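Let's take a walk through a protein together, starting with the whole thing and then zooming in on what it holds. Keep the 3D view open as you read.

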Amino acid sequence: MSAARHGGRAKCLQRLVRMDLPLPTTVALSFSCVHAIANGRMPDMDEIMRHFGEAPLLSVRPSSQDPDWGGPGAILNIGMNDSRHVRMCDELGEEAATSLYLRFIQSWAVHVARLDPDSFDIPDHPGPDALQAMLAAYEVEADEPFPQDPSVQLCEVLRSMARAWEGTTARLLRQAKGAPADAGLGLVVQQMALGVGQGECGSGVIQFVDSLTGLPQVTGRYLSQSQGRDALKAGAGAIYLTRDDRGPSFEELCPDAFARLLRMGDLCRERLREEMQIEFTLQEGKLHVLDAVRVQRSSRASVRIAVALAEDGMIPREEAVLRVEPQALSELLHRHVDPSAPRDLVVSGIAASPGAATGRIVFSANAAQASAARGEPCILVRRETTPEDIRGMHAAEGVLTIRGGITSHAAVIGRGLGLPCVVGASDLTIDRKKRQVIAPGGRRLSEGEIITLDGTSGEVLAGEPAMFEAVLDGAFRRLLDWADDFRDIGVRANADTPADAQTARNFQAQGIGLCRTEHMFFEEGRIGMMREMIFAKDEAARRTVLERLLPMQRADFARLFEIMQGQPVCIRLFDPPLHEFLPSDRAGLRDLADGLAVSLSDVEARVSALTEYNPMLGMRGVRLGITVPEIYEMQARAIFEATVQASRDGDPVVPEVMIPLVSAMREVELVKARIDAVAAQVRTQSGVEFDYRLGVMVETPRAALRAADIAQHAAFLSFGTNDLTQMTYGLSRDDAGRFMSIYVKNGVYEEDPFHSLDLEGVGELLKIGAERGRAGRPDVTLSICGEHGGSRSAIEFCRKQGFDYVSCSPFRVPVARLSAAQLALRERLDIDEKVTVGRFF
Ligand code: PEP
Ligand code: MG
């Protein structure tokens, strides 16, 4: 018997039988048998019935390949009929016998005969008349008497369950959960072990770990027919609960059965290599095990259980690493909304940075800072964020924008800071005058009202639902340490600030793969200098301002080198268009004119001179580096002086300097010549020798196509898949959110390509770029540093192409480490991507 032919439940029951657990007689029907039943070909019913002896009472349960794919509900007490009822009244008493018969008629009527459920309600205290009334109701509704032959009953139950599985709705539902179109269903027919009768009788479930924490703890429930109340044992800490908090626990009531169940739990761990929940009955003191299923578990518990099983030698470490969903780690890294808490949904947007945050609505960066200063958590709500909002984002608990997609400014910064973020909530509008947001249906929320962002689902909720805190416990760290032993591709972090770098270090990133230096210029006291530089009359004046920025940049880099302790740090030279540093509204322009002591018209003239129709394809990146070379020279000097300083104080540093937006080899030649010259000057002035590596960011299609030339001058090529996606599709990464959902809904794109790397198109350019880059320089280092870097599909692609590392937001580093390890292990152990390890037996 195998899970692939009979389903997970049947396979598990077979193993329980082999472990000598006291299971009632059980017959498993295979997928092919059930498929034949659905098509009208019944198996030999006499042969099935023969296993169960005279007048049996039976149950039928579904057994699909993966329990998460669902299936029809179990049907119990098959075999109940008038004569059986009479006999059971003698044996068990009328109340128990009638209750069983009523429940069977009800589930038959609803699930097998598909009659209206309203006609088959069971009264709270059913008397003898209730049974007659229910049988009469059945006869009226079904136009025939209730079937009495157990064999016919079983036959019809099997048929209805087989057909339910093959119905269109059920098929679509399970396909949505990842089941293949032809997923099969097995059925398990089992003798009922009723848990009613003389002596101690009852039924219950028991498990041996806590579903929330994964820590050892006996929990469950037991319904004692004899005692007439629930007895629940909660914890080995000898806390006994009953329905009225008095009376004995199950352990006290049935110490032998309890001790046996504990031994069964140990046996399950050892033989099934899993934490199981056991369903059991006691019939006149005799224990029967009806079923055992994998314990339901939170993300935190899934990590804890996998690690504990490996540490106890039940499973190898490889399997523990494969058993945990990488997404589960992501949940652990962030606070998240309690899944069982009620949700008052205001609007949905794009889930851009995971985790949940609650705070009062504010509409500006200044208001966010003021709110933080008052100690009031806030959510910054903006149409879209600009670099000027960074301080406000730092002050806020979360960010909500109306425009933008997964690579928009708010999304990138949010992920970097580990700040929950929902973007592109285009159904919201902001009423500036009234300081309110207006949700679909006209619902208004005012500044100061409390909302909660769920950056994992993209939902915006009113109020403050219950939350679960982030948990980075020992089990989490151990699992990732094991993952690193199996991983064969590097994982670095995109980190711009010391705080990001520290997070990267804490999550054991193997260096910084992308430091976007422009973010450093938006800090307090620096943006003014940037503006002065932009307004400088000539090169000499620009150099004077840059001289004042130099020590600040040097300190930035020195701090990053210090935190990363000799790990590689890849610093990208200035990338954005200069206009991003200028205010966009009139009040801001007036302030700027005041600050620079120039006329408003001069300011406006300069702003208009910098205006471009298409700034993301304009004067930015290396184009700025070539036309205004003193900016890159200042940055190179800051990097090298920080290198000298950091190498004196700690581990030697070999900085990596990366040029953005390259499209031609000559650009690299020109910039390299200047940077080499600065390096030579710093060596001479400091008297300290150091190396550095110059690399190119491949983010224009032409750079990928010309990678062989470009690699002549570049020690490394790092693919910036955000811009590369933008330019390959000709899609604006800032505006595509407006129509992306319609495109995805219509199947134009399978997924938002800014979210999920387009392996066919952008991937082709990556492949070409990598091949040609290697042709130009065989030892060139290859990596990816766009937002896709942390996703499983991008990591899989990069591994296949032999890339050296991926670089992603610091908070995605643990997920990337686990995904990379799983991909390497699956390849080594030859486990198909579709097979979920540890979900069934
Ligand atoms: C990219 O374009 O992929 C990239 C990493 O750079 P940025 O997002 O800063 O443009
Ligand atoms: Mg880019």
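Here is a tour that goes from the overall build to a metal ion and then to a ligand.

First things first: what you're looking at is a predicted model. The protein has 841 residues, and 54% of them count as buried. Its secondary structure adds up to 33 helices and 31 strands. If you boxed in the C-alpha atoms along the principal axes, you'd need roughly 105 × 60 × 55 Å.

Now for how the chain meets itself. Take the contacts between residues with a separation of 6 or more: 67% of these are made by residues 24 or more positions apart. As for the outside, the protein exposes about 35,700 Å², and carbon and sulfur atoms supply 49% of that area.

Time to zoom in on the metal. Which residues coordinate the magnesium ion, ligand 2? Glu699 does so through OE and Asp723 through OD, at 2.1 Å. These two come from distant parts of the chain, 24 residues apart. Glu699 sits in the loop between β28 (693-698) and α27 (701-705), while Asp723 belongs to helix α29, which covers residues 721-729. Are these two residues buried or exposed? Both Glu699 and Asp723 turn out to be buried, meaning that each has under 20% relative accessible area.

Next up is ligand 1, where you'll meet Glu699 again. There are 13 residues surrounding ligand 1, and the closest are Arg516, Glu699, Gly720, Asn722 and Arg733. Let's look at how some of them approach oxygen atoms of the ligand. In Glu699, a polar side-chain atom lies 2.9 Å from an oxygen of ligand 1. Gly720 uses its backbone instead: one of its N or O atoms there is 3.3 Å from a ligand oxygen. With Arg733, an N or O atom in the side chain is 2.7 Å from an oxygen atom of ligand 1.

How much of ligand 1 does the protein bury? On its own, ligand 1 exposes 280 Å², and the protein buries 95% of that. Two elements, β25 (512-516) and α29, each give two or more residues to the shell around the ligand. The top contributor is α29, with three residues. You've already met that helix, as Asp723 of the magnesium site is part of α29. Finally, sort the shell around ligand 1 by residue type, and you get six charged, four polar and three nonpolar residues.

Methods:
Residues numbered from 1 in each chain as written. Chains lettered and ligands numbered in written order. Predicted model: local features only at pLDDT ≥ 70, side-chain atom pairs only at ≥ 80, totals over all residues. Heavy atoms only, no water. Donors = N, O, S within 2.8 Å, 3.2 Å for Na, K, Ca; no water. Helix = DSSP H or I, 4+ residues; strand = E, 2+ residues; numbered from the N terminus. Buried < 20%, exposed > 50% of the residue type's maximum accessible area, 1.4 Å probe, protein only. Near = heavy atom within 4 Å. Polar contact = N/O pair within 3.5 Å; in protein donor to acceptor, adjacent residues only side chain to side chain. Areas by Shrake-Rupley, 256 points an atom, 1.4 Å probe, with all protein chains shown as cover. Nonpolar A, V, L, I, M, F, W, Y, C, P; charged D, E, K, R; others polar. Contact = heavy atoms within 4.5 Å.
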